[in-house]
Each structure stands twice: as C-alpha cells, then as structure tokens.
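I opened this notebook to record a few look-ups on helix packing and on single residues. The entries follow the order in which I went through them.

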Amino acid sequence: MDLINDFRDKDKLLVLSRLIIAESTRKLRIMEVCGGHTHSIMKFGLQHLVGEYIEFLHGPGCPVCVMPRARIDEGLALAQKEDVIFCTLADMLRVKGSKYSLLELRAQGKDIRALYSPLDVLKIAQENPQKQVVFFAIGFETTTPMSALLVEKVLQMDIKNVLFHINHVRVPEPICALLADEECEIEALLAPSHVSVITGSEIYEPIAREFDVPIAVSGFEPLDILDSVLNLVRQANNNTALVYNQYARVVKKEGNIKAQGLIARYFQQCDFEWRGLGVIPQSALELKEEFSFLDARKVLDCKVKSTKENKACLCPQILKGRAKPFECKLFGKSCTPQNPLGSCMVSSEGACAAYYKYEKRRLG
C-alpha cells in the first residue's frame, strides 16, 4: 500500500464525493479540531466536494494558535535573560507577544534556537554548561511524550542546566467546552488522528455520549477525510452518536500505553488559559510538584503584564468555529503570513494561513 498516493486517488475521491452529496439530507456542521485537517481540506479543495449541506468549522487544534499572549510574553522574558539559551519549535518564533516576537529578539542578538527535536536540548546543554537552557514546550498529546522523554533524560543524565516552560494542552477539555457553549453550532467532529495515536480513540466516547455528537477519528489524507465525512453524514441520518475510528490502521482504542505512562510519570493536569477560549479547567499539563526544580516558571522570574489582543482580529471566533478567516477585516490586508497580526495567521497550522495559501485567490 502506498500510504500517500493510494489515499489521494481521484476516482475514489469522486465516488465518496457523490455518496456524501447523495446521502446528505440536511445541513451538517462538522468541526475539524486539528489545523492539519483544515490545511488538507483547503489544499485538496475538499470543501467543494462535499456538497452544499456540509459546512466545515475550524477548531482550536493548532497549538500555536491557542497560546495566550501571557504565555508568549513569559517566553520572551525568559529569552531576554542573561546567560539563557532559549529553545522552542520553529512555529513559535514568529508569534508576537505584547511588543515583539522571538524572531525579533533573536535578530537583536539573543540566543534563541528553533529545534527539530526536543532531544536536541541535551546536546545544547552539554555543550554550554555555563548557560541556562530553557525549553519552551508546546503541543497537544502528540508532542507531549517527547517532552516527557526529555525530562527523563535530563534526570537520568544529571544535567543541571535545563529548565522547562511547559505549555502542553489536551484535546478533550476544549472540545467539551465548545460543545457545552449555549451558542455552539457543532453537529459532528473530525478528531485528530495523530493525537489519537497517543490517547486512543476511546477518549472521545464519553464526549459522544454526553453531547450526543458523532465523532470520526480521521487521518489527514483526502480519502481519510471524505470517508470520515460520509460516516458522520450517515450517523446524522440515523441519529446516532458514536466514535468511528477511520484511522484504525494506526489508532488503537487504548492508544499508546507506554507513551501515556511516560506522560503520567512527569506531568499532571492543570487549568490553562486558551487564546480566544479563556481558562479551561484541567485542559493542560504541568510538571508534577516533585519536579518543580525543573520548572522555569518557578525557578526564574518571568512574570509579565501582557497587553490585550487586537479587537479587530477574529481569531477567537475562528477558533470557536463561529467565523471564517475571510470574514475578518484584517485578513489578507494588514494581516498576512509576512505580517501576521493574529495567531491563526502566524502558525503553519492556522486556519487563516490555510485560507491565505489556498483560498485567497478564489475569495478575491
């Protein structure tokens, strides 16, 4: 099996498209939680293959997009400290805090490094024993095991000059917060497959039952997505609310037990302020108290007073599925990938970035 071309077969896509259109009997608003799904939908024009009854809503599944300005400002404060090497993933460098971005700080001479792997921190720390290395960790359950492994390696190797600023968030809690909102228009969900490889598909079963909403754990290729949409259409027609594991070739019901154990060994759940969504209880992870000596927020002073978000930016509404990027007055004008004003434009997974890249010409 060709894991790319076989899932982009034009003839099979058209068959699924015709089935979706034929079997859609009413409006169905489907939220794709992950930015990876958003980009696949826009890149392959899937929104044009599902018919007039299907509407895709873009959710808060982009870890950079949901990072609150206060957390970004904390990272900026740490990056400016003397004798600090600040490490994070590349997407974070262009996100503006209250005044500037990590990229702008790096241009001023601060030692800020974009990593391909969190484990690169080990080499950096060993090569710079006189420096304090701070790892600014971001991501959903997909990337959390790597951060947990890095914590474990730092402890095992007795490396003394590494601290962590943990910003790992979870999928179930924000989904529940959105579905519980009185203004919620979500009628079905595409759940992220890469997150589900770690968590398992069973984490969505209580959500489907409580909110009476069908959920499809979907891969990111076009056939994956259209197959998932067809299942959600059929569930809507039959008034069922089940979890369909479309990505069963990789995702198991119980998930990756070893990775889950590694996460539980070093992290605990905590409240987290989501950009555009507010504080959601128990929706993120932090280092356990016994590892607080590795917590940059507790060891170093990084408290800051952040400014408010640009009121004209519609990112909060977009992350809730209540607005589309082209409805924002800033989109494609003062807000572009070269000059991103909102978090949904700055990240490669953001909905605004996807619309700008794939739909801007069509939208005029």
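I start with the cut-offs for exposure, since the first residue I looked up depends on them: buried means under 20% relative accessible area, exposed means over 50%, and partly exposed covers what lies in between. I also note at the outset that this is a predicted model.

Entry on Ser306. I found Ser306 in the loop between helix 12 (296-299) and helix 13 (315-319). Its relative accessibility is 26%, so I count Ser306 as partly exposed. I then asked which residues Ser306 is in contact with, leaving aside its neighbours within four places in sequence. The list I obtained is Arg69, Ala70, Asp73 and Ser98. I also took the C-alpha separation of Ser306 and Gly97, which is 7.8 Å although the two are 209 residues apart along the chain.

Entry on helix 10. I checked the length of helix 10 (residues 222-238) against its residue count: at 1.5 Å a residue, its 17 residues should span 24 Å, and because its end C-alpha atoms are 24 Å apart, the expectation and the model agree. Helix 10 is mostly covered, and I noted 13 of its 17 residues as buried.

Within helix 10 I picked out Gln235. Its relative accessibility is 7%, and therefore Gln235 counts as buried. With neighbours within four places in sequence left aside, I have Gln235 in contact with Pro214, Ile215, Thr240, Ala241, Leu242 and Tyr244.

What does the backbone do just after helix 10? There I found Asn239 with a positive phi of about 55°, and I recorded that Asn239 is a residue other than glycine. Asn239 sits in the loop between helix 10 and strand 9 (243-245), and its relative accessible area of 68% makes Asn239 exposed.

I set Asp212 beside this entry, since it too has a positive phi, of about 50°, although it is not a glycine. Asp212 belongs to the loop between helix 9 (205-211) and strand 8 (215-218). At 58% relative accessibility, Asp212 counts as exposed.

Entry on helix pairs. I describe two packed helices by the angle between their axes and the distance between the axes.

For helix 1 (residues 10-23) and helix 10, I have axes that come within 10 Å and cross at roughly 20°. That angle makes helix 1 roughly parallel to helix 10, and the crossing of helix 1 and helix 10 is left-handed. On the side of helix 1, I listed Lys12, Leu13, Leu16, Ser17, Leu19, Ile20 and Glu23 as making the contact, and on the side of helix 10, Pro222, Leu223, Leu226, Asp227, Val229, Leu230, Val233, Arg234 and Asn237. Sorted by class, this contact of helix 1 with helix 10 has ten nonpolar, two polar and four charged residues.

For helix 6 (residues 144-156) and helix 11 (residues 257-266), I noted a packing angle of about 60°, with the axes 9 Å apart. I therefore record helix 6 and helix 11 as oblique to each other. The crossing in which helix 6 passes helix 11 is left-handed. Helix 6 makes the contact through Thr144, Pro145, Ala148, Leu149, Val151, Glu152 and Leu155, and helix 11 through Ala259, Leu262, Ile263, Arg265 and Tyr266. I sorted the residues in the contact of helix 6 with helix 11 into nine nonpolar, one polar and two charged.

For helix 2 (residues 35-43) and helix 15 (residues 351-358), the packing angle I have is about 15°, and the axes are 9 Å apart. Helix 2 and helix 15 are therefore roughly parallel to each other, and helix 2 passes helix 15 in a right-handed crossing. I listed Thr38, His39, Met42 and Lys43 of helix 2 and Ala351, Ala353, Ala354, Tyr355 and Tyr358 of helix 15 as making the contact. By class, the contact of helix 2 with helix 15 has six nonpolar, two polar and one charged residues.

Entry on Gln126. The last residue I looked up, Gln126, is in helix 5 (residues 120-127). Leaving aside neighbours within four places in sequence, I found Gln126 in contact with Met157 and Ile159. Finally, I took the C-alpha separation of Gln126 and Pro214, which is 49 Å for two residues 88 apart along the chain.

Note on methods:
Residues numbered from 1 in each chain as written. Predicted model: local features only at pLDDT ≥ 70, side-chain atom pairs only at ≥ 80, totals over all residues. Heavy atoms only, no water. Helix = DSSP H or I, 4+ residues; strand = E, 2+ residues; numbered from the N terminus. Expected span 1.5 Å × (residues − 1). Buried < 20%, exposed > 50% of the residue type's maximum accessible area, 1.4 Å probe, protein only. Axes fitted to C-alpha atoms, helices over the stretch in contact; angles between N-to-C directions. Parallel < 35°, antiparallel > 145°, perpendicular 65-115°, else oblique. Left-handed = near helix turned anticlockwise from the far one by under 90°. Contact = heavy atoms within 4.5 Å. Nonpolar A, V, L, I, M, F, W, Y, C, P; charged D, E, K, R; others polar.
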